[in-house]
Amino acid sequence: ESISGCIPIRIGGFHIVQPPWFFTKIVFPFMKVIMPDRMRKRVRVYSGGEAKILKELKEVGLGREVLPSEIGGDVILDIESWILEMTSRGL
């Protein structure tokens, strides 16, 4: 309940790809203890080879066409251009 009250959005799923070892061994187990049960069921952690991760993500409806190129997807993220565009719009 404490985390749910702090996040003003509804989370359908939270996918963490290739986290560092200390996240999966130390941080995430602690986070699971304090997370509400509904949120805990929605968080998934993926590690291993690129093909394995892409296969697992596709099984939950996340195909290459919506994934960033850093993890083997087709979407090329250009944060600097996005920031310049938003700044020019006054946002």
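What follows is a conversation about a predicted model of a protein chain.

Visitor: Where do I start, and which elements does the chain have?
Guide: This is a predicted model, and the chain holds five helices and two strands. Read from the N terminus, the elements come in the order α-β-α-α-β-α-α.

Visitor: What is the radius of gyration of the chain, set against a compact globule of 91 residues?
Guide: The chain has a radius of gyration of 16 Å, whereas a compact globule of 91 residues would come out near 12 Å. The C-alpha trace spans about 45 × 35 × 25 Å along its principal axes, and 20% of the 91 residues count as buried.

Visitor: And how many of the contacts join residues at least 24 apart?
Guide: If you take the contacts between residues at least 6 apart in sequence, 47% of them join residues at least 24 apart.

Visitor: Which residues make up the largest nonpolar core?
Guide: There are seven of them: Ile 11, Ile 16, Phe 23, Phe 28, Met 35, Met 39 and Val 43. In soluble globular proteins, nonpolar side chains tend to be buried together.

Visitor: Take Ile 16, then; what is it in contact with, neighbours within four places aside?
Guide: With those neighbours set aside, Ile 16 touches Phe 23, Val 43, Arg 44, Val 45 and Tyr 46. Tyr 46 also appears in a second, separate core of five residues, which includes Leu 54, Leu 57 and Leu 67 as well.

Visitor: Changing topic, how many aromatic pairs are there in the whole structure?
Guide: A search of the whole structure turns up two aromatic pairs. One of them joins Trp 21 and Phe 22 in an edge-to-face arrangement, with 6.1 Å from centre to centre and 90° between the planes.

Visitor: Is Trp 21 buried or exposed?
Guide: Trp 21 counts as exposed because its relative accessible area is 62%, and the cut-off for exposed is over 50%. Its partner Phe 22 has 40% relative accessibility, so Phe 22 counts as partly exposed.

Visitor: What about the pair of Phe 23 and Phe 28, stacked or edge-to-face?
Guide: Phe 23 and Phe 28 are stacked, with their centres 5.7 Å apart and an angle of 25° between the planes. Both Phe 23 and Phe 28 are buried, and both belong to the largest nonpolar core.

Visitor: Where is the kink in helix 2?
Guide: The kink lies at Val 27, shortly before the proline Pro 29, and amounts to about 40°. As for its length, helix 2 covers residues 21-34, and its 14 residues at 1.5 Å a residue should span 20 Å, which agrees with the 20 Å between its end C-alpha atoms.

Visitor: And what comes between strand 1 and helix 2?
Guide: A loop lies between strand 1 (14-17) and helix 2, and Gln 18 is in that loop. Gln 18 has a phi near 50°, a positive value in a residue other than glycine, and its relative accessibility is 42%, so Gln 18 counts as partly exposed.

Visitor: Over to helix 5; why does it lie largely in the open?
Guide: Helix 5 covers residues 79-89, and of its 11 residues the number buried is one, so helix 5 lies largely in the open.

Visitor: What phi does Gly 90 take, just after helix 5?
Guide: Gly 90 takes a positive phi of about 85°. At 63% relative accessibility, Gly 90 counts as exposed, and its C-alpha atom is separated by 40 Å from that of Asp 37, with the two positions 53 residues apart along the chain.

Methods: Residues numbered from 1 in each chain as written. Predicted model: local features only at pLDDT ≥ 70, side-chain atom pairs only at ≥ 80, totals over all residues. Heavy atoms only, no water. Phe/Tyr/Trp six-rings, centres within 6.5 Å; stacked < 30°, edge-to-face > 60°. Buried < 20%, exposed > 50% of the residue type's maximum accessible area, 1.4 Å probe, protein only. Helix = DSSP H or I, 4+ residues; strand = E, 2+ residues; numbered from the N terminus. Expected span 1.5 Å × (residues − 1). Bend = angle between axes of the 7 residues up to and from the residue. Core = buried A, V, L, I, M, F, W, Y, C linked by side-chain atoms within 4.5 Å. Contact = heavy atoms within 4.5 Å. Rg over C-alpha atoms; globule rule 2.2 N^0.38 Å.
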